[in-house]
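Biologist: I would like to learn how to read a fold of this kind step by step, beginning with what it takes to call a residue covered. Could you take me through the general idea and then the case at hand?

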Amino acid sequence: MDTTVQAAPKPSTPSEYKSGLKPVWCPGCGDFGVLNALSQVYHRLEFDPMNTMLFSGIGCSSRIPGYLKGYGFNGVHGRVLPIATGAKLANPELTVIAAGGDGDGFSIGTGHFPHTCRRNVDITYIVMDNNIYGLTKGQLSPTSPGQMVTTTSSYGSIENPINPIGLAIGCGASFVARSFAGDIKHMVDVICQGIEHKGFSFIQILSPCVTFVGKDQFGIIKNQVRYLNEVEGYDPTDRSHAFQVADETGQISLGVIFQHPFPEYRHGTEIVRQRLIKRGVPEMKDLIAKFRP
Ligand SMILES: Cc1ncc(C[n+]2csc(CCOP(=O)(O)OP(=O)(O)O)c2C)c(N)n1
Ligand code: SF4
């Protein structure tokens, strides 16, 4: 009997990259746009689902791995970055994408973000930022704007929001971008650039929660956007330009905000490996082989 496992044929259209599972998001949720964009990204970059892994934490947005073909892992709340980092280090051939919400990434998971930025492992992190905890019914999140009324700030938030773009640039991320769930073409272009970038890429996607923030969010954001590739003289390799964008008010810049070819983490591990070989320290694979029966 032939027991060879046949690889499934590679999907040939964006919709074939979807898993077939029906999303349980509220009608009109921004996350549908992100899902559609990701299926187009998978198609444009001709991903092999056998070699693609999408990780997430917990939240409405974190349901996304279930809706796409490829390996998926719905982790614990706030822990998507260490899990995705570990997978990439264990199998560098894998395309690794991490995804989740602003609560997942910047409340319980905040501690992992600066270190993932500065470590520069070649993974892409997409945060579907809706300024609220959607899954748990509309509590304040770290990106909720000041004065925002939520189920846990009935009289308006009295805290300043954190600035994910400024945080990422300040912590040494090598690729920092922003896009909007209302513009699929833009999301596809930016996510493709992030995945093709060598090193850690952080992409904030403004993805409205129509249920707990409001249906008007798409219009409000749309009226404020400008596209950085249309801004004369904008140079994403200039860190001071990027910080100016991170600090802007009254407009929302979309596109690649900062990009720099900092050395990837694996370059550092290779240098250390060579040093150890020179000192006669056995390689890990040889050590493992020694103790195998
Ligand atoms: C350890 C732990 N603490 C709290 C929760 C409850 N919880 C689930 S999702 C969530 C926040 C979701 O907000 P966000 O990450 O912004 O995602 P969204 O639902 O808005 O997409 C919280 C607090 C949990 N699942 N696990
Ligand atoms: S609660 Fe908000 S974030 Fe969650 S599915 Fe509904 S619209 Fe989307």
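Modeller: A residue is called buried if 20 or more other C-beta atoms lie within 10 Å of its own, exposed if 12 or fewer do, and partly exposed in between. Please keep in mind that we are reading a predicted model. With that cut-off, β4 (124-129) is mostly covered, since 6 of its 6 residues are buried.

Biologist: Which residues of β4 point one way, and which the other way?

Modeller: The general idea is that in a regular strand the side chains alternate between the two faces of the sheet. In β4, T124, I126 and M128 point one way while Y125, V127 and D129 point the other way, and all of them are buried.

Biologist: How many residues of strand β1 are buried?

Modeller: In strand β1 (residues 52-56), 5 of the 5 residues are buried, so this strand is largely enclosed by the rest of the structure. Both of its faces are covered, with T52, L54 and S56 buried on one side and M53 and F55 buried on the other.

Biologist: In what order do the strands form the open sheet?

Modeller: The open sheet has 8 strands in the order β2-β1-β3-β4-β8-β7-β10-β9, and its pairing is mixed. At its edges stand β2 and β9 (225-227), each of which pairs on one side only, and the twist from one strand to the next averages 20°.

Biologist: Where do the bridges fall, and in which sense do the strands run, parallel or antiparallel?

Modeller: It helps to walk along the sheet from one edge. Strand β2 (residues 71-74) runs parallel to β1 and is joined to it by 4 bridges, with F55 standing opposite F73 of β2. β1 also pairs with β3 in the parallel sense, over 5 bridges, and there L54 has I97 of β3 as its bridge partner. β3 in turn is joined to β4 by 5 bridges, again in a parallel run, and A98 stands opposite Y125 in β4. Going further, β4 and strand β8 (residues 201-206) pair in the parallel sense over 6 bridges, where Y125 stands opposite F202 of β8. The antiparallel sense appears between strand β7 (residues 175-180) and strand β10 (residues 252-259), which are joined by 4 bridges; in that pair V176 stands opposite F258 of β10.

Biologist: Which strands does helix α2 lie across?

Modeller: Helix α2 lies across β1, β2, β3 and β4, and it runs at about 175° to β3.

Biologist: At what angle do helix α2 and helix α4 pack?

Modeller: For a pair of helices, an angle under 35 degrees counts as roughly parallel. Helix α2 (residues 80-90) and helix α4 (residues 112-119) pack at an angle of about 30°, with their axes 9 Å apart, and α2 and α4 are therefore roughly parallel to each other. The contact is made by L81, P82 and T85 from α2 together with H112, F113 and T116 from α4, and by class its residues divide into 3 nonpolar, 3 polar and no charged.

Biologist: Is L89 of α2 buried, exposed or partly exposed?

Modeller: L89, which is found in helix α2, counts as partly exposed because it has 16 C-beta neighbours inside 10 Å.

Biologist: How should I read the surroundings of a ligand, and which residues are the closest to ligand 1?

Modeller: One lists the residues of the shell, then asks which elements supply them and how they divide by class. Ligand 1 is surrounded by 20 residues, the closest being G59, G101, G103, D104 and G134. β3 (95-101), α3 (102-108) and β5 (132-133) each supply at least two residues of this shell, and α3 gives the most, with 4 residues. The shell around ligand 1 divides into 8 nonpolar, 10 polar and 2 charged residues.

Biologist: What surrounds ligand 2?

Modeller: The residues around ligand 2 include W25, C26, C29, C60 and C209, along with D31, N130 and G134. By class, the shell around ligand 2 has 8 nonpolar, 3 polar and 1 charged residues.

Biologist: Where does K137 lie, and what is its phi?

Modeller: K137 lies in the loop between β5 and β6 (139-140), and its phi is near 85°, a positive value in a residue other than glycine. K137 is exposed, with 12 other C-beta atoms within 10 Å.

Notes:
Residues numbered from 1 in each chain as written. Chains lettered and ligands numbered in written order. Predicted model: local features only at pLDDT ≥ 70, side-chain atom pairs only at ≥ 80, totals over all residues. Axes fitted to C-alpha atoms, helices over the stretch in contact; angles between N-to-C directions. Parallel < 35°, antiparallel > 145°, perpendicular 65-115°, else oblique. Contact = placed C-beta atoms within 7 Å. Nonpolar A, V, L, I, M, F, W, Y, C, P; charged D, E, K, R; others polar. Near = placed C-beta within 6 Å. Pairing = 2+ DSSP bridges.
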